[in-house]
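Q: I am new to this structure and would like a close look at a single part of it, followed outward into whatever lies around it. Please take your time, and keep the explanation connected.

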Amino acid sequence: MKILGISAGSRNGNNDSMCKEALMGAKEMGAEIEFVRLLDLDIKHCTGCNACCKAQATGRGNLCALKDDFDWLLDKMLDADGVVFSIPIFEKGASGLFRTLTDRFGPRMDRGCNVESDKNAREKTGKGIDPRILKDKVVSYIGLGGSDWTTRFQCDAAMQAMTPAWKVIDNDRFSWSTGIIMEDERVKRVHQIGVNIANAAKDIANASYQGEDGVCPHCHSRNFFLDGNSTHAICCVCGIEGDVKIVDGKVKFEFPKEQLEHAHDSLSGKILHCHDIGKNLANTANLKKSDEYKNRVEKYKNFIIATKREK
Ligand SMILES: Cc1cc2nc3c(=O)[nH]c(=O)nc-3n(C[C@H](O)[C@H](O)[C@H](O)COP(=O)(O)O)c2cc1C
């Protein structure tokens, strides 16, 4: 059983240390471990070229037009049974580098898109996609902040797991953590995160979330998109729509059970989303054929040209 630790922090900084602390816990549970630092790698931003979607739709599998270290890292993630991330908290959420990694996962690593992609590839070539992409995996997140501005972190982290439909075991944020390596109680908690991910990786089918309950009963998120004029709320992570209520002095999020089918982290919700996007892209492709569409593109193109830095 293999656990990969990924730090998005600076060399030998707190994220490196806490990622390694979690790996120590995983190793104690018998895991083979490996550690990677994102800042050592060349990870380019997703440009939204959609080459991955086109390849998935035409049975050519799972590819990315960008040439950098991402595929090297992806290969390591696909070989691991579990991944533990330690991520600096920037502007209340996960750092941009981690968000870039998240962007590079979707749609290329989206489980729903890849179930369809596998079917397409089998029809066209008789051979499916890399089976590791459709394999279940467990993941945990440790977010370290230098202050108490940390409220978006768990939402950003959970979004990474949502694309490949990996099972989240822990997702903790640590505020005021610049001296965390000296705080035995919090170091112990990080160590436990490592123990938990290794135990979860031993039996992924029966593994379950080990963190705090949160508010969303489905995905444990505490981040919601509120309506302002009613009690209607949408969970920012799983997309389930329901109502927020105060019950016995506590915030409760309640929703009709049919909503579970649409949950963005479920295979049914993902496939639904994949089909919705397919329909929308087909409509847009039709629109693009019209002269009016072409005229409007030209209007914006010719209005002003982007200034580029002269080198
Ligand atoms: C650009 C930037 C933005 C930051 N924003 C926040 C923030 O919103 N909330 C917070 O708690 N800490 C914030 N920090 C502090 C970082 O979370 C802290 O420096 C980081 O966890 C250190 O990680 P390292 O020791 O692994 O490099 C910010 C730091 C930087 C450089």
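A: The answer below starts with one helix, and then turns to the ligand, a helix pair and a few individual residues.

The model is a predicted one, and the part chosen here is helix H6, which spans residues 153-162. H6 is mostly covered, with 10 of its 10 residues buried. The buried residues are Phe-153, Gln-154, Cys-155, Asp-156, Ala-157, Ala-158, Met-159, Gln-160, Ala-161 and Met-162, a list that holds Asp-156 and two glutamines beside its nonpolar members. As for what covers the helix, the buried residues of H6 pack against strand S3, strand S4 (93-94), helix H4 (96-105), strand S5 (138-144) and strand S6 (167-174).

From H6 it is a short step to the interior. The largest nonpolar core has 63 residues, and those that touch the most other members are Ile-3, Ala-22, Ala-158, Ile-197 and Val-237. The largest share of this core, seven residues, comes from H6, and Ala-158, one of the residues just named, is among the buried residues of that helix. In soluble globular proteins, nonpolar side chains tend to be buried together. Another of the core residues named above, Ile-197, shows how distant parts of the sequence are brought into contact: apart from neighbours within four places in sequence, Ile-197 is in contact with Ile-3, Ala-26, Gly-82, Val-84, Val-138, Ser-140 and Ile-169.

Strand S3, against which H6 packs, also leads to the ligand. The ligand is surrounded by 17 residues, and the closest of them are Gly-9, Gly-13, Asn-15, Gly-145 and Gly-146. Helix H1 (14-28) and S3 (82-90) each supply at least two residues of this shell, and the largest share, three residues, comes from S3. Sorted by class, the shell has five nonpolar, 10 polar and two charged residues.

Two residues of helix H1 deserve a closer look. Asn-14 lies in H1, and because 22 C-beta neighbours are found inside 10 Å, where 20 or more are required, Asn-14 counts as buried. Setting aside neighbours within four places in sequence, Asn-14 is in contact with Gly-9, Leu-144, Ser-177, Thr-178, Ile-180 and Ile-181. The pair Asn-14 and Thr-178 is 164 residues apart along the chain, yet their C-alpha atoms are separated by 7.0 Å. Asp-16 also has its place in H1, but with 19 C-beta neighbours inside 10 Å it counts as partly exposed. The contacts of Asp-16, again leaving aside neighbours within four places in sequence, are Ser-7, Gly-9, Arg-11 and Arg-37. Gly-9, one of the closest residues to the ligand, is thus in contact with Asn-14 and with Asp-16.

Helix H4, another of the elements against which H6 packs, leads on to a loop and then to a pair of helices. Pro-107 lies in the loop between H4 and H5, where a cis peptide bond joins Gly-106 and Pro-107, with omega at about -5°. Helix H5 (residues 111-125) then packs with helix H8 (residues 267-288) at an angle of about 70°, the axes being 7 Å apart. An angle from 65 to 115 degrees counts as roughly perpendicular, and therefore H5 is described as roughly perpendicular to H8. Their contact is made by Arg-111, Gly-112, Cys-113, Val-115 and Glu-116 of H5 and by Leu-267, Lys-270, Ile-271, His-273 and Cys-274 of H8, and these residues divide into five nonpolar, two polar and three charged.

Further backbone details are found in loops. Most residues other than glycine have a negative phi, and most peptide bonds are trans. Glu-91, in the loop between S3 and S4, has a positive phi near 50°, and with 9 C-beta neighbours inside 10 Å it counts as exposed. Trp-176 likewise has a positive phi, of about 45°, although it is not a glycine. Trp-176 sits in the loop between S6 and helix H7 (184-202) and is partly exposed, with 14 other C-beta atoms within 10 Å.

A last residue offers a contrast with the buried helix chosen at the start. Asp-227, in the loop between strand S7 (224-226) and strand S8 (232-235), is exposed, with 12 other C-beta atoms within 10 Å. Beyond neighbours within four places in sequence, Asp-227 is in contact with His-232 and Ala-233, whereas in H6 10 of the 10 residues are buried.

Technical notes. Residues numbered from 1 in each chain as written. Predicted model: local features only at pLDDT ≥ 70, side-chain atom pairs only at ≥ 80, totals over all residues. Core = buried A, V, L, I, M, F, W, Y, C linked by C-beta atoms within 7 Å. Helix = DSSP H or I, 4+ residues; strand = E, 2+ residues; numbered from the N terminus. Contact = placed C-beta atoms within 7 Å. Near = placed C-beta within 6 Å. Nonpolar A, V, L, I, M, F, W, Y, C, P; charged D, E, K, R; others polar. Axes fitted to C-alpha atoms, helices over the stretch in contact; angles between N-to-C directions. Parallel < 35°, antiparallel > 145°, perpendicular 65-115°, else oblique.
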